[in-house]
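Here are a few short exercises to help you get to know a new structure. Try each task yourself before reading the solution.

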Amino acid sequence: MKRTGYLHDTRYLLHDTGPYHPEMADRLTAVYNGIKDAGLLDRLTLIPAVRADPKWVETVHDPGYIRRFEEVCLSGNRTFDYPDNQMCIDTYETAYLAAGGILEAARRIMAGELDNAFCAVRPPGHHAEPNQAMGFCYFNNVAVAARYLQVEHAIQRVGIIDFDVHHGNGTQHIFETDPTVFYYSIHQHPSFAFPGTGREFEEGTAAGKGYTKNSLVLPGQGDDIYKQLIQRDLLPAFERFKPEVIIASTGFDGHRDDDMSDINLSTEGYSWIMETIMNLGNRYAAGRVISVLEGGYCLERLGELAANHVRILLNG
């Protein structure tokens with residue numbers, strides 16, 4: 001059995017998006033209850049959130065953007081940059097706790113205290129651009145973690161696997177000129193016209209050309225096409241790149257019961273995706289896999305999906 005960390009902190013619930021918003025605090029409650037009801041909590045190492053040092057957030061976000069985020073949040077404004085970015089006065093600090101908790105999980109893995117981790121955080125991060133909040137996201141959590149691993153722990157090659165049903169435009173843009181981070185995304189396209197990025201011809205630019213790969217899934221498709229595309233696109237890419245740490249942008253919103261997409265992934269399909277990621281982690285990254293929650297909005301399915309996800313991390 002692997003030593004698996006579980007980043008869980010009730011302070012993540014303080015980020016209040018208001019009534020009827022899909023990215024609600026109940027998501028994390030559903031995740032926690034699913035893991036607890038499956039009898040897995042005692043097998044996990046609970047990780048409390050730690051506030052990120054601003055220097056790490058500034059490795060991917062402009063300081064002026066961070067100040068603007070703080071000012072707008074503390075002013076009591078309920079939206080930031082786009083109407084769907086709903087927030088409250090606690091959102092700024094919660095975003096720092098989300099990024100910092102993931103860094104603490106990464107630190108423990110690099111120190112040999114843990115083998116892998118599941119970081120159940122909010123707000124999510126993969127849509128956040130260097131200078132703009134977008135798609136419920138304020139700080140790009142996985143990008144901050146990648147830079148932290150490189151600077152603090154001398155990791156030379158970070159592999160990011162994004163299987164949220166929406167393309168992680170922010171993560172791709174942050175690293176698109178960087179050959180030390182490979183960004184792979186499999187997502188629905190078209191997907192409610194959001195975010196509209198992540199086409200197959202987007203492969204990175206300048207020195208980063210060839211270090212971005214997007215697999216597009218048409219509405220209505222599910223397990224079979226995900227398996228086909230991941231085997232065709234991701235596996236050979238990581239065989240060449242050989243990441244030293246893998247960060248997964250984990251979105252459960254491609255499940256057939258989730259209203260945020262038209263994709264028909266089954267619960268078993270999600271398990272296959274995570275088993276494949278774990279196999280890649282064992283092959284290339286000494287098992288060092290950091291899973292970070294992004295989307296997933298069907299409360300009736302989140303607990304089951306999270307429990308299966310954690311069980312795979314534990315089994316290695």
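## Exercises with worked solutions

The accessible surface of the protein chain in this predicted model comes to about 11800 Å², and 49% of that belongs to carbon and sulfur atoms.

**Exercise 1.** Find how many helices and strands the protein chain has, and work out whether the chain is as compact as a globular protein of its length.

*Solution.* Start by counting: the protein chain has nine helices and ten strands. Next, take the radius of gyration, which is 18 Å. The globule rule gives 20 Å for 316 residues, and 18 Å is close to that, so the chain is as compact as a globular protein of that length. To picture the extent, note that the C-alpha atoms fill a box of roughly 50 × 50 × 45 Å along the principal axes.

**Exercise 2.** State what share of the residues is buried, and what share of the contacts with a separation of 6 or more joins residues 24 or more positions apart.

*Solution.* Of the 316 residues in the protein chain, 59% are buried. Turning to those contacts, 77% are between residues 24 or more positions apart.

**Exercise 3.** Explain why cysteine 73 forms no bond with the closest cysteine sulfur.

*Solution.* First, look at the whole: the structure holds zero disulfides. Then check the distance: the closest sulfur to that of cysteine 73 belongs to cysteine 88 and is 6.4 Å away, which is too far for a bond. A disulfide would need the two sulfur atoms within 2.5 Å. Cysteine 73 is also buried, with a relative accessible area of 0%.

Notes: Residues are numbered from 1 along each chain as its sequence is written. This is a predicted model: local features need pLDDT of at least 70, side-chain atom pairs count only at pLDDT 80 or more; totals for chains, interfaces and linings use all residues. Side-chain values use heavy atoms; hydrogens and water are left out. Helices (H or I, at least four residues) and strands (E, at least two) are DSSP runs, numbered from the N terminus. The radius of gyration is taken over C-alpha atoms; the globule rule is 2.2 Å times the number of residues to the power 0.38. Buried means under 20% relative accessible area, exposed over 50%, partly exposed in between (1.4 Å probe, protein chains only). Contact means heavy atoms within 4.5 Å. Accessible areas come from the Shrake-Rupley method with a 1.4 Å probe; for residues, only the protein chains shown count as cover.
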